[in-house]
Amino acid sequence: MSDNKINLEINNRILSIEIKKIGKQADGSAFLRYGDTIMFVSATSKKEMKEVKPFLPLIVDYRENTYAAGKIPGGFFKRQGRPSEREILVSRLIDRPIRSLFPEGYFYDSQIIALLLSADLENEPDTLGIIGASAALYFSDIPFTTPIGAVKVGYLNNEFVINPTMKQFEESSLNMVVVGTEEGIVVIEAGAAEIEEEKIIEGIAFSSETINQIIEAQKDLYDKLHVQKRKFSAMEVDQANLEKIEKEIYPSLNKAILTQNKKDREEETNKILDGLLEPIPEENKEKIYETKEIFYKIQKKLVRDLILNEGKRVDGRGVDEIRPISIEVGLLPRTHGSALFTRGETQCLATVTLGTFEDVQRLDGLGEAGEKRFMLHYNFPPFSVGEVAFLRGPGRREIGHGALAEKSVLLSIPDEEVFPYTIRIVSDILESNGSSSMATVCGGVLSLMDAGVPLSMIIAGISIGLVKEDNRYAVLTDIAGLEDHFGDMDLKVAGTEKGITAIQLDLKTPSIPIQILKEGLIKARDARLKVLAKMKEALPESRSDISLYAPRIINLMINPDKVREVIGPAGKIIKKIISQTNSKIEIEESGKITIASTDIESAEKAKQMIKDITIEAEVGKIYTGKVVRLEEYGGFIEILPNIVGLLHISEIAHHRIGNIRDALRMGQTVRVKALAIDEDNKIKLSKKALEQNSYRPDDSNKEKQKES
């Protein structure tokens, strides 16, 4: 085994991590393999800062090379270009745990690049990206000294499973990523099928042993390689200056922070900051930076002390109190469904559009399904936070928040067989002061109910925060923006009255113990039940019918052998039906036909036209048909359009008939019963089965005497 390599067995598969195998010009690199899924991760960080930045400029890019699964990109352009939504989501998943683990004050431009080189479509690559980022940073000279481990947790057959295969995840009621350090949990990302909080905690605890194995393996190799870290000095503020400014602005800043309205609060605090910066010359950038840092530290201390020392929050709430909620449904008359959900100073306008089978999203990623019929798109315009900016395409934040809300709501969406619509929710955040993604969950569900979507459950979401200093801490329900900014945790939890459907945990502190996480989940459950009650007050259940402006969709099953007849030569028949009814029609080889139209009458007309083509005779059913052909042995009766059965001469009457033309004539209307249908679809008909047998045996002798 290579001196630079780690081998670990996780769920009967070997996880290998090889340091500096390739990409040796990067500051750090890791080559990871799990099954036949292979990932390369590089870490690079500049050694100089051109300008002082009060944050870590970290770029994380994950790319799925289609060649990894032996695939050429679809569409006109064959070169991979901008990242897909999945790539952006995995990039965020890698970014979130490592960002808080860089040393305080390290503000050098840094970049993580994760490339999927081989995909076996059994072992998901996202946790490999997290472990690879940890290894690439930890074994480089970058001053990153806290290795992390990451695993996926599933729940199958009442048992937790570490790193289930993609096939196993199809049957799992839990799909959870857990990332941790030796000290505790760093990040959680989960989708669940109404799993209780206690069970989630069990799953997290179950993951800790494997996470610690991954961390210990990195530490053992680190000691062997004697890695040397580059030295850096964090820029520190002058303590005397901090005390001077704090004494000067404390009373006015404390008053400004306690201003109830967010906009007024920001205006008052900005006035105080501007007063501090005004006497400093513009060219003295270091002094400006230091003054801003001092102001930020004082502001942060004020907010946190208020919570920890007095049990109060900047808006006057207690730690367990939810902001006032107001709900208005059916706000927009021409959308298929709409809801305005307001919680405090966070406001979401959610709309639903119901589409047909033509509106599904077609996916072309690695291991992704071919079509997606439920979408949730989240928009965060600049005016929602009182800013000015160009309206561009969705950024990583918008995509991430939308994906979380979509995952939260997905479980409630009815199956296509029950509700054959493509569903799109759009969430426009009109005002934001914390937890807009969870407001999107609430608003999105209400708009679905307003649209008449028969949801299997009602789901709400809430965010839980944390302020922690040494052994003192406070867990906050329904955090506002300032508490998110100056706090240590953002725990977003969505679910029903029964359990959780989605979780996202992010920290600004290196880690938290599992006990605090448990407390956060319990508080989230209590708050969620209150929010659900408010939602049900506004709209107790889904409307009984969909909007007048939504398309009407009818599903129809026909004999697969009849599909060809419906389509017709060169599509002539189906094109005629579409033209005459102005409907959209999709035909599957299985015999499933979906008809969509703007009005129900057109859809029903198209359905009847298809039924007329595909109708089949049924044994035991009575038909009124027309004689279309006569033979010596019987007559052929057209009982349905283009469906002809044989009425044998022996089945015409209870007495003997010598000549078929004595009983039947061409064009005659005859009432018959279908007796049997053989394997070749030949239909046996009977007329005498519908008539009472009044024939007497001596009648045949009388007939013979007449003939003689």
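In the predicted model, phenylalanine 232 is partly exposed, with a relative accessible area of 23%. Tyrosine 106, by contrast, is buried, its relative accessible area being 1%. The structure contains 14 aromatic pairs, and these two residues form one of them: their ring centres are 5.1 Å apart and their planes stand at 90°, so the pair is classed as edge-to-face, the threshold for that class being over 60 degrees. Tyrosine 106 is located in the loop between helix H1 (85-99) and strand S6 (110-118), and phenylalanine 232 in the loop between H4 and helix H5 (239-257); the pair therefore ties together parts that lie 126 residues apart in sequence. Both residues belong to a cluster linked by ring pairs, which also includes Phe102, Tyr108 and Phe144.

A further aromatic pair is formed by phenylalanine 419 and tyrosine 421. Its geometry is tilted, with 4.6 Å from centre to centre and 35° between the planes. Phenylalanine 419 is buried at a relative accessible area of 6%, and tyrosine 421 is likewise buried, at 7%.

Aromatic rings also take part in contacts with charged groups. The charged end of arginine 397 is placed over the ring of phenylalanine 380, at 4.1 Å from the ring centre. In a corresponding arrangement, arginine 392 has its charged end over the ring of phenylalanine 390, 4.5 Å from the centre.

Eight strands make up an open sheet with antiparallel pairing, in the order S8-S7-S9-S10-S21-S20-S18-S19. Strand S8 (159-162) and strand S19 (472-477) are the edge strands, each pairing on one side only. On average, and with direction ignored, neighbouring strands of the sheet are turned by 20° against each other. At the S19 edge, six bridges connect this strand to S18 (residues 460-469), and the two run antiparallel. Within this pairing, leucine 466 is found opposite valine 475 of S19.

Two helices that pack on the sheet are H4 and H11. Helix H4 (residues 197-225) touches strand S7 (149-156), S8, strand S9 (174-180), strand S10 (185-195) and strand S21 (500-507). The direction of H4 makes about 140° with that of S7. Helix H11 (residues 514-538) touches S10, S18, S19, strand S20 (489-495) and S21, and its direction makes about 145° with that of S18. Strands S10 and S21 are thus in contact with both H4 and H11.

Methods:
Residues numbered from 1 in each chain as written. Predicted model: local features only at pLDDT ≥ 70, side-chain atom pairs only at ≥ 80, totals over all residues. Heavy atoms only, no water. Pairing = 2+ DSSP bridges. Helix = DSSP H or I, 4+ residues; strand = E, 2+ residues; numbered from the N terminus. Axes fitted to C-alpha atoms, helices over the stretch in contact; angles between N-to-C directions. Contact = heavy atoms within 4.5 Å. Phe/Tyr/Trp six-rings, centres within 6.5 Å; stacked < 30°, edge-to-face > 60°. Buried < 20%, exposed > 50% of the residue type's maximum accessible area, 1.4 Å probe, protein only. Lys NZ or Arg CZ within 6 Å of the ring centre and 35° of its normal.
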